[in-house]
Amino acid sequence: MLVIGIAGGSGSGKTTVVNAIVSQLKDRVVVIPQDSYYKDSSHLPLEERQQINFDHPDAIDFELLSSQLADLKLGKSVEQPVYSYITCSRSKEETITVNPADVIIIEGILVFTCKELRDQMDIKLFVDADDDDRLMRVMARDIIERGKTVETVIERYTKTVKPMYLQFIEPSKRYADIIIPQGGHNKVAIDVISATIEKYLGKKGSNSAE
């Protein structure tokens with residue numbers, strides 16, 4: 001099993017990189033998004049939930065994420081939480097069953113900030129992009145997918161997204177084995193990474209055959 005960590009700022013193009021890898025590996029890969037592991041805040045009033053700083057490591061249930069990744073590496077299936085950005089809470093009834101696969105991708109802005117999680121990764125990729133490009137993508141995503149207003153998105157970017165990027169996410173770049181510039185538009189880098197993964201899987205297959 002190969003565990004790949006993919007980090008980078010909000011709107012850097014992580015999802016594009018993940019999708020490119022998944023499209024080549026098909027059912028041999030499973031993706032574990034950090035966003036599913038935000039701590040449950042259903043016990044708080046909605047107004048307080050909406051003020052949560054989602055770009056701070058304390059917002060993530062790294063203990064559960066690390067534990068479930070360890071189980072997957074042991075060949076066990078896990079029940080991944082379902083988190084809603086609309087209600088800022090974790091579903092009480094619904095989970096997603098995740099089965100082990102040849103390749104596991106752990107993706108999220110803060111996945112390199114947790115040492116326990118980093119230590120379980122075989123390859124660490126940091127997706128880099130210009131601040132202006134990231135802001136435009138964040139605005140488009142939050143307005144379309146999360147129902148936010150332009151004013152709300154800009155305020156959040158100024159107060160939390162950018163400061164947290166500078167404090168936690170950008171410094172975590174030093175843990176990366178590979179830095180992908182130009183975000184998800186860097187086709188050459190994505191092709192090289194995909195080829196490396198396929199080479200690893202090919203070696204694993206030939207060893208198994210022996």
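## Strand β1 and its partners

In this predicted model, strand β1 (residues 2-7) is joined to strand β6 (residues 123-127) by 4 bridges. The two strands run parallel. At one point of this pairing, Gly 5 of β1 stands opposite Lys 124 in β6.

Strand β1 also pairs with strand β5 (residues 103-107). Here there are 5 bridges, and again the strands run parallel. Gly 5 turns up in this pairing too. Its opposite residue in β5 is Ile 106.

## A covered strand

How many of the residues of β1 are buried? The count is 6 of 6, so the strand is mostly covered; buried here means under 20% relative accessible area.

The residues of β1 point in two directions. Leu 2, Ile 4 and Ile 6 point one way. Val 3, Gly 5 and Ala 7 point the other way. Both sets are buried.

## Helix α1

Helix α1 covers residues 14-25, which makes 12 residues. From its first C-alpha to its last, α1 reaches 17 Å. That is close to the 16 Å expected at 1.5 Å a residue.

Which residues of α1 are buried? They are Lys 14, Val 17, Val 18, Ala 20, Ile 21 and Leu 25. These residues cover an arc of only 160° around the axis, so they lie on the same side of α1.

## After the helix

Lys 26 follows α1. The phi of Lys 26 is positive, near 55°.

Note on methods: Residues are numbered from 1 along each chain as its sequence is written. This is a predicted model: local features need pLDDT of at least 70, side-chain atom pairs count only at pLDDT 80 or more; totals for chains, interfaces and linings use all residues. Side-chain values use heavy atoms; hydrogens and water are left out. The expected span of a helix is 1.5 Å times one less than its number of residues. Buried means under 20% relative accessible area, exposed over 50%, partly exposed in between (1.4 Å probe, protein chains only). The arc is that of the directions from the helix axis to the C-beta atoms. Two strands pair if DSSP finds at least two bridges between them.
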